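Here are some quick notes to read with the structure open beside you. Take the points in order and look for each residue as it comes up.

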Amino acid sequence: MLSRDYAGAIFERTDARRALAEEVGRVLEGNAGLTAEERIVRLEVPAGDLDPLRWLGSQVMRPRSFWSGREDGTAVAAVGVADVVEGDGTAPDASLRERLALLSSGARYYGGLRFDPERGADEEWGAFGAHRFVLPRFELLRRGDEATLACNLVLPRDAERAGELLDELEGLTVPEGWPGSDGPLPTPVSRVDRPDRAGWGENVRSALEAFEAGRMDKVVLARRVDLGFGEDLDAVSLMETLREATPGCFHFLVEPEDGAAFLGASPERLFRREGRGISSEAVAGTRPRGASEVDDAELREELLGSAKDQAEHSIVRVSIEESLGALCRELKVEDRASEMKLARGRHLVSRIRGILREGVSDADVLAALHPTPAVGGYPKGEAIGEIRALEPFDRGWYAGPIGWIGADGAEFAVGIRSGLVRGGRLSLYSGAGIVVGSTPDGEWAEIEQKISDFTRVFGLDPEERDARA
Ligand SMILES: C=C(O[C@H]1C=CC=C(C(=O)O)[C@@H]1O)C(=O)O
Ligand SMILES: [Mg+2]
């Protein structure tokens, strides 16, 4: 027997779909045959207590995506495409600006960019494109305890598609078994490291030689760890578990086609824009959390007092200051790094705030900021060259900007602490800032600690010993 509350909740959710269908029908009928200028209309109805990831996991419509901010407590699950801006260029410039001019308040394009758009994509990243921003057809948003079901329409073009749209809306499922719990995630049966330990040692030594020769000050080198599973991995369930394990992070999932999903839990903001106001942050320099309070306090002091980590960090701060300085009429930079504490790790952080000059677009900010030396290096060009020469894989969207752009604001995380699900394989990507004072073993262990957010949810305990090396 269904409890009264449970039955009531189901009724409310089915009702949301019906209410939205009525709204959509009304707007499309009113616009049939009109040759008005193109515009985006967003329709929203209350949807009770639905959970966005639960909702997303039960949808059959593709593509799917998920975004939740670090502080604002809003989570957005989305399916389908009302409009898309994609391309091979380094930044989504003119076309996106044109589409944004059509936005009604509340509508946002969600998407991201490859770390290195000038490097051709390897096959596993093929579906993602160099940059891709989607105005979803349907969204389930949750702010606090309240969910909202939304539909984005591009008029007059969607007025021709009334039947198709109402069918799609009809096809949106209401999750069953709520508030049910899923079984545990599968256990990996294989692990392959790229590069392996010997190759990593060579890469780090090659970077150290470049510093000695005066060619570079810093380069962030990454590793890829492939976990193999005996069955297909459900990306939405993984996102759900990862999200619980990583409070205080940006959470994202992009699934452009069935069986290929990029997802992660990043602590790092690339930038947030509200009107002309912009905030960014330098996040670099790392230690794990301690097992005991005493241990934890020691690690905190060790990080704050580490000359190597402070140097690794200040290169990022100075570079962001330079990039944003050129675009802002006011800029304030914290001159001292403080600690960012995460569930399993800690970083040095310095915050930056400014006011953008008139006419500077989000695409301009993306082009100026990305990649910061928290994921690229310094100088930028040399570091990218070194990454291309040394890393034996395509980073794809790992370490690229990921987030949303709306009419009055935008927000991008740096797409780190992330992985690519392809059928029964999860490729985890993670990097470490190599500077003078780095050692192959120390940076290997730092990356092990960074990927432990993921490996722990599969029950693989990282070697704590290594993480402290
Ligand atoms: C490049 C990554 O982390 C960056 C962000 C914070 C700390 C970092 C570090 O201490 O090396 C990295 O620069 C990653 O997680 O893949
Ligand atoms: Mg580091």
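**Notes on the two ligands**

1. Start with the surroundings of ligand 1: there are 18 residues around it, and those that come nearest are Thr286, Ala374, Tyr398, Arg417 and Gly431. Keep in mind that you're looking at a predicted model.

2. Next, the polar contacts. The side chain of threonine 286 has an N or O atom 2.6 Å from an oxygen atom of ligand 1. For arginine 417, a side-chain N or O atom sits 2.5 Å from an oxygen atom of ligand 1. Glutamate 312 joins in too, with a polar side-chain atom 2.8 Å from a ligand 1 oxygen.

3. How much of ligand 1 does the protein bury? On its own, ligand 1 would expose 390 Å², and the protein buries 100% of that.

4. What is the shell around ligand 1 made of? Sorted by type, its residues are 7 nonpolar, 6 polar and 5 charged. Strand E14 (277–288), strand E22 (425–434) and helix H11 (440–457) each give at least two residues to that shell.

5. Now turn to ligand 2, the magnesium ion. Its protein donors are Glu312 (OE) and Glu446 (OE), at 2.1 to 2.3 Å. Glutamate 312 belongs to helix H8 (residues 307–325) and glutamate 446 to helix H11, so the pair ties together parts that lie 134 residues apart in sequence.

6. Are these two glutamates buried or exposed? Glutamate 312 and glutamate 446 are both buried. Glutamate 312 deserves another look: it's a donor to the magnesium ion, and its side chain also has that polar atom 2.8 Å from an oxygen of ligand 1.

Notes
Residues numbered from 1 in each chain as written. Chains lettered and ligands numbered in written order. Predicted model: local features only at pLDDT ≥ 70, side-chain atom pairs only at ≥ 80, totals over all residues. Heavy atoms only, no water. Near = heavy atom within 4 Å. Polar contact = N/O pair within 3.5 Å; in protein donor to acceptor, adjacent residues only side chain to side chain. Areas by Shrake-Rupley, 256 points an atom, 1.4 Å probe, with all protein chains shown as cover. Helix = DSSP H or I, 4+ residues; strand = E, 2+ residues; numbered from the N terminus. Nonpolar A, V, L, I, M, F, W, Y, C, P; charged D, E, K, R; others polar. Donors = N, O, S within 2.8 Å, 3.2 Å for Na, K, Ca; no water. Buried < 20%, exposed > 50% of the residue type's maximum accessible area, 1.4 Å probe, protein only.
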